[in-house]
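Please look over the sequence and the three-dimensional structure shown below before reading on. The paragraphs after them offer a guided path for a reader who is new to both.

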Amino acid sequence: MQCPRTSHPLKPVKVGGIKVYISEHSGGVFFDNQVLSNFTNPSELRAEVLAKHLRQFSAPLGDESARVKCPKCPDIVMMRRYFSPLRVVEIDECPGCGGIWLDTGELDTLHENHLSAKEREMLRIKMLEEHQAFHIDSPRRYKLSEQDGRSNLEKVFAIAADVISD
Ligand SMILES: [Zn+2]
């Protein structure tokens with residue numbers, strides 16, 4: 001496998017017993033499908049060791065916005081997506097094999113924005129509440145305005161009735 005940025009060979013390295021593929025040229029790293037989740041929690045030694053190891057390599061990437069091809073599936077262009085609903089860290093994911101490529105510094109950024117399990121759950125509940133509120137709110141608001149309309153109409157009739165009775 002080659003570094004998708006510099007085409008240098010990726011070096012398979014075992015970190016805490018889990019294999020990742022490192023570009024000792026660009027400081028990027030490739031994770032097989034589902035493997036990244038083992039390295040996202042900065043309080044875990046494995047994640048800390050990998051991030052520290054990657055920091056010693058970094059080469060100018062050139063155009064960072066350029067799409068990269070999956071090191072594992074050379075014909076597939078990786079998709080840029082947000083790592084989490086927080087929309088802070090962008091990662092490259094292969095739609096073919098589910099592998100993930102992180103450029104130099106991206107693992108650090110991911111760690112800086114890491115949420116604990118509790119924070120994640122709170123965010124999930126908050127988003128769920130906002131989502132539900134949106135759906136519950138609109139029919140209720142519609143009903144309210146309907147009632148307002150009726151009561152306004154009733155007022156008009158009441159006034160009209162007064163006018164007529166006078
Ligand atoms: Zn792939």
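The text that follows turns to the nonpolar cores, the metal site, the strands and a few individual residues. The structure is a predicted model.

A useful place to begin is the interior. In soluble globular proteins, nonpolar side chains tend to be buried together. The largest nonpolar core here consists of 20 residues. Within this core, the residues with the most contacts are V20, I22, F31, F39, L50 and L102. The elements that each supply two or more residues to the core are the strands β1 (11-15), β2 (18-22), β3 (29-31) and β6 (100-102), together with the helices α1 (45-54) and α2 (106-112). F31 illustrates how distant parts of the sequence meet: leaving out residues up to four places away in sequence, F31 touches V20, L36, F39, L50, G99, I100 and L102. Another core lies apart from the largest one and has 10 residues, including L10, V68, M78 and W101.

The metal site comes next. Which protein atoms act as donors to the zinc ion? The donors are the SG atoms of C70, C73, C94 and C97, which lie 2.3 Å from the ion. Along the chain, these donors follow the spacing C-x2-C-x20-C-x2-C. The arrangement around the zinc ion is tetrahedral because the four donor atoms subtend angles of 104 to 112°. Of these cysteines, C70 and C73 are both buried.

The strands β4, β5 and β6 may be followed in order. Strand β4, residues 79-82, pairs with strand β5, residues 90-93, in the antiparallel sense, and four bridges connect them. In one of these pairings, R81 has I91 of β5 as its bridge partner. Strand β5 also runs antiparallel to β6, to which it is joined by two bridges. Here E93 has I100 of β6 as its bridge partner. The hairpin formed by β5 and β6 has six residues between the strands, and in this hairpin G98 takes a positive phi near 80°.

One residue of strand β5, D92, deserves a separate description. Is D92 buried or exposed? With a relative accessibility of 1%, D92 counts as buried, because buried means under 20% relative accessible area. Apart from its neighbours within four places in sequence, D92 is in contact with V68, M78, M79, R80, G99, I100, W101 and D103. One of these residues, M78, is 14 residues away from D92 in sequence, while the C-alpha atoms of the two are 5.6 Å apart in space. The side chain of D92 is also joined to that of R80 by a polar contact of 2.5 Å. Two of the residues that D92 contacts, V68 and M78, are also among the members of the core of 10 residues.

Finally, two residues stand out for their backbone angles. S7, in the segment before β1, is not a glycine, yet its phi is positive, near 65°. The relative accessibility of S7 is 45%, so this residue counts as partly exposed. Q34 is found in the loop between β3 and α1. Q34 likewise is not a glycine and has a positive phi of about 75°. The relative accessible area of Q34 is 61%, which means that Q34 is exposed.

Note on methods
Residues are numbered from 1 along each chain as its sequence is written. This is a predicted model: local features need pLDDT of at least 70, side-chain atom pairs count only at pLDDT 80 or more; totals for chains, interfaces and linings use all residues. Side-chain values use heavy atoms; hydrogens and water are left out. A nonpolar core is a set of buried Ala, Val, Leu, Ile, Met, Phe, Trp, Tyr and Cys residues joined through side-chain atoms within 4.5 Å. Buried means under 20% relative accessible area, exposed over 50%, partly exposed in between (1.4 Å probe, protein chains only). Contact means heavy atoms within 4.5 Å. Donors are N, O and S atoms within 2.8 Å of the metal (3.2 Å for Na, K and Ca); water is not among the atoms, so sites may look incomplete. Four donors count as tetrahedral if all angles lie between 85 and 135 degrees; four count as square planar and six as octahedral if opposite donors are over 155 degrees apart and all others between 65 and 115; anything else is irregular. Two strands pair if DSSP finds at least two bridges between them. A polar contact is a pair of N or O atoms within 3.5 Å; within protein, one must be able to donate a hydrogen and the other to accept it, and residues adjacent in sequence count only if both atoms are side-chain atoms.
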